[in-house]
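Subject: Structure handover

Hello,

Here is the structure I said I would pass on. Please have it open while you read the notes below it.

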Amino acid sequence: MTPISETILKSWQVRKTKAQKSAFIRFLQDHFPELQVQEHKKNRNLVLGDISTAKVVLTAHYDTCARLPFPNFITPLNIWAYLGYQLLIVVPFIALMFLVEALVSPLVQDNRLSLLVGYFAMLGSMFYLLMGGPANPYTANDNTSGVITLLELYQAMPPQQRGRVAIVLFDNEENGLLGSKAFYKAHKQEAWKEKLLFNFDCVSDGDTLLFVLNKAGMAGWGDTVRAAFPATDAKQVRVESSSKAFYPSDQANFPTNCAVSSMKTHKLLGLYMDKIHTPEDRYFDTRNIEFLTAGTLRLLDSLPE
Ligand SMILES: [Zn+2]
């Protein structure tokens, strides 16, 4: 990895508050003065290159999440396990709602009011935990790995390739894909259907690289992606259509897209990701970054002139 990537991994994993993001943007601009900060509805998206001439737009979110007591457990090919887990997470919040209701009820002597108070206690605690809580101190996989992959790529690209590619670091993915949504709106006039949006989110933990393409992505780019990313002894590859595999990230806001992530495998659950959004998010396999950088350069090389 380049020294810039090493520094980001060592010292820049927390990018949650406005001040933390501003400091990170200044750090990036020291190294890449050509980096543009595009402000769309309070989201600061960071752009290298020109979207209008790009055939492929490489993206990753740079904002980081709050520290949660439980991981965001994702099983892209097993929607029932995913939903079951989400349901489990909700149970303690529902318990809190009834607890608050039981405590408030004798005080206000109004059943509907006490239920309402319990309900807002539940919503408030959920909202606080998911967005307002303290920053997660470790974000190696989610999504320092994506940011580093893009910067490695940018530094490795010869000038003739840079002209056909744009790089965007999205803001506020963790708050509901807000940065990418605002970015798409602001650049709506571009010929997005012709451009592949290739999004890296959580790519450093797990030996299976998963590529999920939506319908237009698969039709136009599926074979190109398969050819550019052959499996190796150490790394497996899965190329799936978004009708079969579910991966929640910024690509969802664009018409022709591919989500790139790394997964572990389990006999029963299939592919899974298990540490993000907790202080255990520390695993950073540089081989994944090298694999993705080399493959993406091959993909860009295969573009027609
Ligand atoms: Zn993420």
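The chain has 9 helices and 9 strands. Its radius of gyration is 21 Å, close to the 19 Å that the globule rule gives for 305 residues, so the chain is as compact as a globular protein of that length. Please keep in mind that this is a predicted model.

Along the principal axes, the C-alpha atoms fill a box of roughly 75 × 45 × 40 Å. Of the 305 residues in the chain, 39% are buried. Among contacts with a separation of 6 or more, 80% are between residues 24 or more positions apart.

Domains

The domain assignment gives domain 1 as 3-67 + 137-301, and domain 2 as 79-132. The centres of domain 1 and domain 2, taken over C-alpha atoms, are separated by 34 Å. Where the domains meet, 4 residues of domain 1 are in contact with 7 residues of domain 2. On the domain 1 side, the touching residues divide into 3 nonpolar, 1 polar and no charged.

Helix α3

Helix α3 covers residues 79-108. How far should its 30 residues span at 1.5 Å a residue? The expected span is 44 Å, and the end C-alpha atoms of α3 are 42 Å apart, which agrees. There is nevertheless a kink of about 25° in α3, at valine 91, shortly before proline 92.

How many of the 30 residues of α3 are buried? The count is 0, and α3 is hardly covered. Just after α3 comes glutamine 109, which takes a positive phi of about 55°.

Backbone points to check

Most residues other than glycine have a negative phi, and most peptide bonds are trans. Besides glutamine 109, with its positive phi, please look at three more places.

- Leucine 177 has a positive phi, near 55°. Leucine 177 sits in the loop between β4 (165-170) and α7 (178-186). This leucine 177 is partly exposed, because 19 other C-beta atoms lie within 10 Å, and a residue needs 20 or more to be buried.
- Histidine 277 also has a positive phi, near 75°. The loop between β9 (270-272) and α9 (286-301) holds histidine 277. Histidine 277 counts as buried because it has 22 C-beta neighbours inside 10 Å.
- The peptide bond from aspartate 142 to asparagine 143 is cis, with omega near 0°. Asparagine 143 is placed in helix α5 (residues 140-156).

Three residues to look at

Is glutamate 39 buried or exposed? Glutamate 39 is found in strand β1 (residues 36-40). It is exposed, because 11 other C-beta atoms lie within 10 Å, and the cut-off for exposed is 12 or fewer. Glutamate 39 and alanine 182 are 143 residues apart along the chain, while their C-alpha atoms are separated by 9.0 Å.

Where does tyrosine 247 lie? It is in the loop between β7 (236-241) and β8 (257-266). Tyrosine 247 has 24 C-beta neighbours inside 10 Å, so it counts as buried. Leaving aside neighbours within four places in sequence, tyrosine 247 is in contact with Pro76, Val212, Ala259 and Ser261. Tyrosine 247 and leucine 210 are 37 residues apart in sequence, and 9.6 Å apart in space from C-alpha to C-alpha.

Valine 239 is in strand β7. With 17 other C-beta atoms within 10 Å, valine 239 is partly exposed. Which residues is valine 239 in contact with, leaving aside its neighbours within four places in sequence? They are Phe211, Gly222, Val225 and Arg226. Valine 239 and asparagine 78 are 161 residues apart in sequence and 15 Å apart in space, C-alpha to C-alpha.

A suggested order for reading: start with the two domains, then follow α3 along to its kink at valine 91, and then go to the cis peptide bond from aspartate 142 to asparagine 143.

Regards

Note on methods. Residues are numbered from 1 along each chain as its sequence is written. This is a predicted model: local features need pLDDT of at least 70, side-chain atom pairs count only at pLDDT 80 or more; totals for chains, interfaces and linings use all residues. Domain bounds come from an automatic or database domain assignment. Two residues are in contact if their C-beta atoms, placed from the backbone, lie within 7 Å. Ala, Val, Leu, Ile, Met, Phe, Trp, Tyr, Cys and Pro count as nonpolar, Asp, Glu, Lys and Arg as charged, and the others, Gly among them, as polar. Helices (H or I, at least four residues) and strands (E, at least two) are DSSP runs, numbered from the N terminus. The expected span of a helix is 1.5 Å times one less than its number of residues. The bend at a residue is the angle between axes fitted to the seven residues ending there and the seven starting there. The radius of gyration is taken over C-alpha atoms; the globule rule is 2.2 Å times the number of residues to the power 0.38.
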